Amino acid sequence: MLILTELGQRLRQERENKGMSLEDLQKNTKIQKRYLIGIEEGNYDVMPGKFYVRAFIKQYCEAVGLNPDDIFDQYKTDIPTTQTDDIPQPLSRVRSRKEIPQNTKASKAADYLPTILVVAGVLVVGIIIWVIAQNIVSGRQEDQAANTEQTNNEVQQSEEQQASNEDQAAKEAAEKEATEKEKAAKEDEEKKDEEKEETKQAYKEVQKSGRNGTYELSGTDEFKLEVSSTQADTWLDVKNGKGNSFYNAMLKNGETKEFDFTKESEVRVNIGFSPGVQLKINGQDVSLPFDANQQVRQVVTIKYEQEKAQ
């Protein structure tokens, strides 16, 4: 069992104070619940990478009303760093006056005048050297100050860019994950519907003679017919078993006619030019009785018995 870090305890307390569940937080941030639990438990190994840890913690803070910068500063030991967090240390401070060579006075006066003159000469030379050194040190201090300011500016720009990249990456990751989930759910639903329909519906050939083909449709509680012309215009005549006409006209190339024959027990489809004509029953393709190249005109009779509801 994982022990919550101080950061995890702080975040969970703020979430609970706001009356938010992990599901509410997941909905608001688009971050998976298992990642939110990992943040509260300090279990960052479940994350895609260190880069996402900081981005997800930032979004968590914003969702519960905490300032991310304050949290990062206060709990920086609990938060893994990325390569861009390795900020160069400030340049060394200017050396103190103790480090600057200083001229020392003679501990005691020379007993003899020549010695005093020599010491005086050395003292004068030392003063001249000290003045020159001071000018050099002053120039270096100005250069170091300028370099330090430039480095600080570069670090600040790097941090701002890093924060922007983290926000963008987290947003893109959340959107991508949501889109993939939605797509997968839709595909699963469509697949289930197709499998269910294919399992139930049966289209069985009963008889073929001359240009006439008879079929039985069963295993479905609806009978919806689509007739499409994909190559050329064709004459189309559609009637029920009682001879009532539903369509008797030219079907243009590229045109599709749809009919709902759920309440009919028999339908007769007379096709004048079968090449390029496509039939669908309840969205499923069904073949014509004969090869369209050998039998141009074809008549399809479909007998339908509606399946009773269970």
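The following dialogue works through several features of a predicted model.

Me: How many helices and strands does the protein chain contain?

Reply: An inventory of secondary structure is a convenient place to begin. The protein chain has six helices and ten strands. As the model is predicted, every statement below concerns computed geometry.

Me: What share of the residues is buried, and what share of the contacts joins residues at least 24 apart?

Reply: Two totals for the chain address this. Of the 310 residues in the protein chain, 29% are buried. Among contacts between residues at least 6 apart in sequence, 65% join residues at least 24 apart.

Me: How should I read the packing of two helices, and at what angle do α2 and α3 pack?

Reply: One takes the angle and the separation of the axes, and then assigns a class to the angle. Helix α2, residues 22–29, packs against helix α3, residues 33–41, at an angle of about 115°, and their axes are 9 Å apart. Angles of 65 to 115 degrees count as roughly perpendicular, and α2 and α3 are therefore described as roughly perpendicular to each other. Their crossing is right-handed. On the α2 side the contact is made by L22, E23, L25, Q26 and T29, and on the α3 side by K33, L36, I37 and E40. By class, this contact of α2 with α3 has four nonpolar, two polar and three charged residues.

Me: Which residue in the loop between α2 and α3 should I examine?

Reply: Backbone torsions are a useful check in loops. K30 lies in the loop between α2 and α3. Phi of K30 is near 65°, a positive value in a residue other than glycine.

Me: Where is the other loop residue to consider, N282, and is N282 buried or exposed?

Reply: N282 lies in the loop between β8 (277–281) and β9 (284–286). Phi of N282 is near 55°, again a positive value in a residue other than glycine. The relative accessible area of N282 is 13%. Buried means under 20%, so N282 is classed as buried.

Me: How do the axes of α3 and α4 cross, and which residues meet?

Reply: The same reading applies, with the axes before the side chains. The axes of α3 and α4 come within 11 Å and cross at roughly 90°. That makes α3 roughly perpendicular to α4. From α3, the residues Y35, L36, I39 and E40 meet F56, I57 and Y60 of α4. By class, the contact of α3 with α4 has six nonpolar, no polar and one charged residues.

Me: Where is Y52 placed, and which residues does Y52 touch?

Reply: For a single residue, one combines its element, its accessibility and its neighbours. Y52 is in helix α4, which covers residues 50–64. Its relative accessibility is 26%, and Y52 therefore counts as partly exposed. Leaving aside residues up to four places away in sequence, Y52 touches A169 and A173. Y52 and Y35 are 17 residues apart in sequence, and their C-alpha atoms are 9.8 Å apart in space.

Me: In which helix is E14, and is E14 buried or exposed?

Reply: E14 belongs to helix α1, residues 6–17. E14 is buried, because its relative accessible area is 17% and the cut-off for buried is under 20%. Apart from residues up to four places away in sequence, E14 touches V64 and L66. E14 and L66 are 52 residues apart in sequence and 8.2 Å apart in space, C-alpha to C-alpha.

Me: How is an open sheet read, and what is the order of the six strands?

Reply: One states the strand order, then the edges, then individual pairs. The open sheet of six strands has the order β1-β2-β10-β7-β4-β5, and its pairing is mixed. Its edge strands are β1 (202–209) and β5 (245–251), each pairing on one side only. Neighbouring strands of this sheet are turned by 15° against each other on average, direction ignored. Strand β4, residues 234–240, runs antiparallel to β5 and is joined to β5 by six bridges. W235 stands opposite M250 in β5.

Me: In what order do the four strands of the other open sheet run?

Reply: Here the order is β6-β3-β8-β9, and the pairing is antiparallel. The edge strands are β6 (256–260) and β9, each of which pairs on one side only. The twist averages 25° from one strand to the next. Strand β3, residues 224–229, pairs with β6 in the antiparallel sense over five bridges. V227 stands opposite K257 in β6.

Notes: Residues are numbered from 1 along each chain as its sequence is written. This is a predicted model: local features need pLDDT of at least 70, side-chain atom pairs count only at pLDDT 80 or more; totals for chains, interfaces and linings use all residues. Side-chain values use heavy atoms; hydrogens and water are left out. Two strands pair if DSSP finds at least two bridges between them. Axes are lines fitted to C-alpha atoms, for helices over the stretch in contact, and angles run from 0 to 180 degrees between N-to-C directions. Buried means under 20% relative accessible area, exposed over 50%, partly exposed in between (1.4 Å probe, protein chains only). Contact means heavy atoms within 4.5 Å. Angles under 35 degrees count as roughly parallel, over 145 as roughly antiparallel, 65 to 115 as roughly perpendicular and the rest as oblique. A crossing is left-handed if the near helix is turned anticlockwise from the far one by less than a right angle, and right-handed if clockwise. Ala, Val, Leu, Ile, Met, Phe, Trp, Tyr, Cys and Pro count as nonpolar, Asp, Glu, Lys and Arg as charged, and the others, Gly among them, as polar.
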